[in-house]
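User: Hello! Please take one part of this model, the largest pocket, and give me a close look at what lines it and what surrounds that lining.

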Amino acid sequence: VLPGVSLFGQFAPAPAWYGRLSLAGARSESSSGGLSLDVSLLTARIEGCVRAWGLGAFSVSPCAGLDVGALRAESAGQRGLADTGVWSSAGAHARGSVQMGAGLALELQAGAFFPFVRYRLGSDGGREVFRSEPVGLRAALGFSWQP
């Protein structure tokens with residue numbers, strides 16, 4: 001689990017679809033057998049969504065996108081090490097939106113992502129502390145505002 005935040009910009013060149021560019025950051029601490037590891041992820045995402053269904057103030061859109069960024073791991077202590085690797089993944093999710101007022105909407109999205117490179121991080125003794133799975137789940141809740 002990597003809780004984080006993101007900031008995005010949206011563009012809508014056609015009425016039937018829209019795209020987003022976003023920057024996201026996430027951080028988590030893992031530990032195993034006295035070894036702790038801080039893992040942080042900083043990514044840029046481009047995604048496209050189809051305006052599939054809407055009813056009044058509610059709408060749902062399927063989306064697909066690509067992430068590119070950096071995964072950094074740091075361990076504490078005298079022998080602590082740090083390393084950074086390239087993060088890239090493809091993903092698909094559904095985004096639901098509820099219009100709450102003039103230009104303000106509550107958004108919820110949930111879906112899966114598929115890392116192109118999988119990481120296994122651990123100690124010299126072979127103890128695994130962090131591992132990126134072949135499929136990850138992503139969920140987000142936030143607000144959007146359009147002037």
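Analyst: Happy to! A pocket here is an open set of grid points with protein on both sides within 12 Å along at least five of seven lines, and a lining residue has an atom within 4 Å of one of those points. Please keep in mind that the model is predicted.

Let's start with the setting. The protein has 10 strands and zero helices, so to speak a plain β series from the N terminus on. Its C-alpha trace spans about 60 × 25 × 20 Å along the principal axes. Of its 147 residues, 27% count as buried. Among contacts between residues at least 6 apart in sequence, 52% join residues at least 24 apart.

Now to the pocket itself. The space in the largest pocket comes to about 1000 Å³. Its lining counts 37 residues, and those nearest the centre are Leu-2, Ala-26, Arg-45, Arg-138 and Ala-139. Two or more lining residues come from each of β1 (4–14), β2 (17–32), β3 (35–50), β5, β6 (82–101), β7 (104–115), β9 (128–131) and β10 (136–145). Strand β10 gives the largest share, with eight residues. Sorted by class, 19 lining residues are nonpolar, nine are polar and nine are charged.

Arg-45 is a good place to step from the pocket centre into the charged pairs. Side chains of opposite charge can pair when their charged atoms come close. The protein has eight salt bridges by count. One of them joins Arg-45 and Glu-47, whose closest N and O atoms are 3.5 Å apart, and both of these residues are buried. Through shared partners, salt bridges gather Arg-20, Arg-45, Glu-47, Asp-67, Arg-95, Glu-107 and Arg-138 into one network. Two members of that network, Arg-45 and Arg-138, are also among the residues nearest the pocket centre.

Asp-67, another member of the network, sits in strand β5 (residues 58–75). What does the side chain of Asp-67 meet in a polar contact? Its partner is the side chain of Arg-45, at 2.8 Å. Asp-67 counts as buried because its relative accessibility is 3%, and the cut-off for buried is under 20%. Leaving out residues up to four places away in sequence, Asp-67 touches Thr-43, Ala-44, Arg-45, Trp-87, Ser-88, Ser-89 and Arg-138. That list holds both Arg-45 and Arg-138, the two arginines named at the pocket centre.

Elsewhere in the network, Arg-20 and Glu-107 form a salt bridge with 2.7 Å between the closest N and O atoms. This pair links distant parts of the chain, with Arg-20 in strand β2, Glu-107 in strand β7, and their positions 87 residues apart. Are the two ends of this bridge buried or exposed? Arg-20 is buried, because its relative accessibility is 4%, and Glu-107 is buried too, with a relative accessible area of 12%.

A further salt bridge brings together the side chains of Arg-27 and Asp-38 at 3.2 Å, N to O. Arg-27 belongs to strand β2 and Asp-38 to strand β3, so this pair ties together parts that are 11 residues apart in sequence. Asp-38 is partly exposed, at 24% relative accessible area.

Let's follow Asp-67 to one of its contacts, Thr-43. Thr-43 lies in strand β3 and is buried, at 8% relative accessibility. Beyond its neighbours within four places, Thr-43 is in contact with Ser-22, Leu-23, Ala-24, Asp-67, Val-68, Gly-69 and Trp-87. Ser-22, in turn, is part of strand β2 and is buried at 13%. With the same neighbours set aside, Ser-22 contacts Leu-7, Phe-8, Thr-43, Ala-44 and Arg-45, which brings us back to Arg-45 at the pocket centre.

For contrast, here is a loop residue. Glu-133 is found in the loop between β9 and β10, and at 37% relative accessibility it counts as partly exposed. Apart from neighbours within four places in sequence, Glu-133 is in contact with Pro-115 and Arg-118. Its C-alpha lies 8.2 Å from that of Tyr-119, with their positions 14 residues apart in sequence.

Definitions and conventions
Residues numbered from 1 in each chain as written. Predicted model: local features only at pLDDT ≥ 70, side-chain atom pairs only at ≥ 80, totals over all residues. Heavy atoms only, no water. Helix = DSSP H or I, 4+ residues; strand = E, 2+ residues; numbered from the N terminus. Buried < 20%, exposed > 50% of the residue type's maximum accessible area, 1.4 Å probe, protein only. Polar contact = N/O pair within 3.5 Å; in protein donor to acceptor, adjacent residues only side chain to side chain. Contact = heavy atoms within 4.5 Å. 1 Å grid on protein atoms, 1.4 Å probe; cavity = no way out; pocket = protein on both sides within 12 Å on 5 of 7 lines; lining within 4 Å. Points joined across faces, edges and corners; volume = space filled by probe spheres on them. Nonpolar A, V, L, I, M, F, W, Y, C, P; charged D, E, K, R; others polar. Salt bridge = Lys/Arg side-chain N within 4 Å of Asp/Glu carboxyl O.
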